[in-house]
Amino acid sequence: MEAASVNESMADQLNETIAESADAAAGKNGTERIPATPEGMAVAYGSLVVMAMLPIFFGAFRSVRYHREQKESGEQAETMSSKDAAMFPLIASATLFGLYLFFQVFSKEYINMLLTVYFFFLGVLALAHILSPLVNKLVPSWVPNEQYHLILTKGTGDKKTDLTNYEFDQRDLICLGGCTIFGVWYLWKRHWIANNLFGLAFALNGVEFLQLNRISTGCILLGGLFVYDIFWVFGTNVMVTVAKSFEAPIKLVFPQDLLEKGLSASNFAMLGLGDIVIPGIFIALLLRFDVSLHQNRRTYFYSSFVAYFLGLVATMIVMHIFKHAQPALLYLVPACIGIPLAVACIKGEIGPMFKYEDNPEKVDQKSEEKMATANDRKDK
């Protein structure tokens, strides 16, 4: 009986030891990141390149339509001046470093909670703006469609100003409701697909609505951000830390272990939206310059679009070789500026390119005011 008890006790201890070892191994495997395979990395990098180019292509053509509608309606366009472009890298640096300090001092969970709610509303509106034309086509004509007009004013009488003057219909409300449901899914799951759809919506709207007035302004902006990107990525760990801590749809992500783990994959490659929108608004400006030449060819747009593709591929290759985060603008800026300028030199259109302005009437009005002031002084 004693021998049997001893054997049973030893067996129990052996089973407990085996169970503990299995649990430890499972815990270790659960926390370790599965190394990405070459196939997985190729899928992830290729997907990021495609996702980056889609909002630039469609956003650029939408910017042409938006610019034309502004001119037809007489709406005053809000464009970035050369001074704004020169100041932008400094403002971006202050913002980036401020976020870095916030993440160092405060818990990132609470910060990300506030930012997630903020970007939830922005993402729903951005996605609704893009999908609204599609919903209008899909909804049958026999469905009633009431019109609404939302007006919010400030002041009375002559001092009254419009804060909000927005017209919409029931189909817009249907689209907004669908996008809100999608946004709730993003809040609930934080799934990478939801993140990317919101990110693509932000990028497309940014390329469509943000306008540069002159090619020289675009060169100043890209040149300043070229230095900004290199400094904050290579000179410090600030940008990488913020990018990894910031849980909001300001970056596109794609899993490198998608082939192994499916939609539940977790080993992500990422690309910031700034690396899409900033070159994108410059490429959109080149497309509007192409349109102003009244030629069927879109030489400058396609040359800059191909340049962006080559610069982004170069970024991915260097990042893979050196196994270190790369400032994408280090490769994108020389490509997106250099190739279109080379094309302009070959075609002999470097002068017209730098003289082109999206909104020349604004400049003409200012010059007329200056001439009028000068004439008044002469008369006096």
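I looked first at the residue just after helix α2, where G74 takes a positive phi of about 80 degrees. Helices here are DSSP runs of H or I with at least four residues, numbered from the N terminus. This is a predicted model, in which local features need pLDDT of at least 70, side-chain atom pairs count only at pLDDT 80 or more, and totals for chains, interfaces and linings use all residues. Residues are numbered from 1 along each chain as its sequence is written, and side-chain values use heavy atoms, without hydrogens and water.

I then checked the span of α2 (residues 38–73): at 1.5 Å a residue its 36 residues should cover 52 Å, and the end C-alpha atoms are 52 Å apart, which agrees. The expected span is 1.5 Å times one less than the number of residues.

I looked up salt bridges (a side-chain nitrogen of Lys or Arg within 4 Å of a carboxyl oxygen of Asp or Glu) and found five in the structure. R62 forms one with E208, the closest N and O atoms being 2.9 Å apart. R62 lies in α2 and E208 in helix α6 (residues 192–209), so the pair ties together parts 146 residues apart in sequence.

I turned to confidence, given as pLDDT, the predictor's confidence in each residue from 0 to 100. The protein has a mean of 82, and 86% of its residues reach 70 or more. Over residues 1–32 pLDDT stays under 50, and the model has zero contacts (heavy atoms within 4.5 Å) beyond four places in sequence for this stretch. Where pLDDT is low, the predicted coordinates should not be read in detail.

Definitions and conventions
Helices (H or I, at least four residues) and strands (E, at least two) are DSSP runs, numbered from the N terminus.
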